[in-house]
Amino acid sequence: MRAHQELCLADESASVALGEALSRSLPRQRPALVVALHGDLGAGKSTLARALLRGLGVEGAVRSPTYTLVEPYATAVGHCLHLDLYRLADPSELDYLGLEEQYTDTALWLVEWPERGGDRLPPVDLRIDLARAGAGRLARLQALSLRGEAWLGALRSDASCTAF
């Protein structure tokens with residue numbers, strides 16, 4: 001099994017801090033790193049994605065792509081895509097978005113509800129499972145590639161992560 005880490009996130013500010021720490025530790029390489037965000041409705045997937053994008057320098061509105069399926073962002077590390085596949089009826093619908101062409105030129109994909117994308121998504125580097133735990137959240141981060149392992153290793157060395 002690849003590297004993994006479990007974190008207790010006491011409140012929303014802890015989720016935001018994790019997103020910011022993920023942005024600081026993001027390896028700078030191509031093709032895109034892919035993060036799969038798993039969890040029930042209200043588990044904090046969009047909060048974490050928004051904080052990560054803010055940590056990468058996005059200053060304007062960070063919209064949830066629930067209805068658009070994908071929102072692109074220009075960041076300090078390059079082009080990032082935030083996908084929310086909750087409303088996807090069939091994985092083949094992704095074919096019409098032209099995402100394959102963007103994979104090599106994009107720095108990061110943040111994918112909510114990735115299971116709905118089936119085999120139409122690129123390989124996942126980091127899987128993040130979020131679950132409610134009382135008033136907070138439990139986050140389980142699992143590296144699914146060597147690049148994911150490098151990212152998780154860099155995250156562990158981030159001094160701010162001791163707050164979780």
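**View 1. Val34 of strand E2 stands opposite Trp109 in strand E5.** In this predicted model, E2 and E5 pair in the parallel sense over five bridges. Val34 and Trp113 are among the members of a core of 14 residues, which is separate from the largest nonpolar core. Val70 and Leu94 are also included in this second core.

**View 2. His38 of E2 stands opposite Asp129 in strand E6.** The two strands, E2 and E6, run parallel and are joined by four bridges.

**View 3. Strand E2 is covered on both faces.** Leu33, Val35 and Leu37 are buried on one side, and Val34, Ala36 and His38 are buried on the other. Six of the six residues of E2 are thus buried.

**View 4. The largest nonpolar core comprises 33 residues.** Leu22, Leu108, Ile128, Leu141 and Trp151 touch the most other members. Two or more residues each come from strands E1 (4–9), E2 (33–38), E5 (108–112), E6 (126–133) and E7 (136–143), and from helices H1 (12–25), H2 (45–55) and H3 (146–156).

**View 5. Leu22 and its contacts are shown in close-up.** Setting aside residues up to four places away in sequence, Leu22 touches Leu48, Leu52, Leu126, Ile128, Leu141, Trp151 and Leu155.

**View 6. Leu97 lies in the loop between strands E4 (78–84) and E5.** Because its relative accessible area is 28%, Leu97 is classed as partly exposed. The C-alpha atoms of Leu97 and Trp151 are separated by 28 Å, and the two residues are 54 residues apart along the chain. Trp151, by contrast, belongs to the largest nonpolar core.

Note on methods: Residues are numbered from 1 along each chain as its sequence is written. This is a predicted model: local features need pLDDT of at least 70, side-chain atom pairs count only at pLDDT 80 or more; totals for chains, interfaces and linings use all residues. Side-chain values use heavy atoms; hydrogens and water are left out. A nonpolar core is a set of buried Ala, Val, Leu, Ile, Met, Phe, Trp, Tyr and Cys residues joined through side-chain atoms within 4.5 Å. Buried means under 20% relative accessible area, exposed over 50%, partly exposed in between (1.4 Å probe, protein chains only). Contact means heavy atoms within 4.5 Å. Two strands pair if DSSP finds at least two bridges between them.
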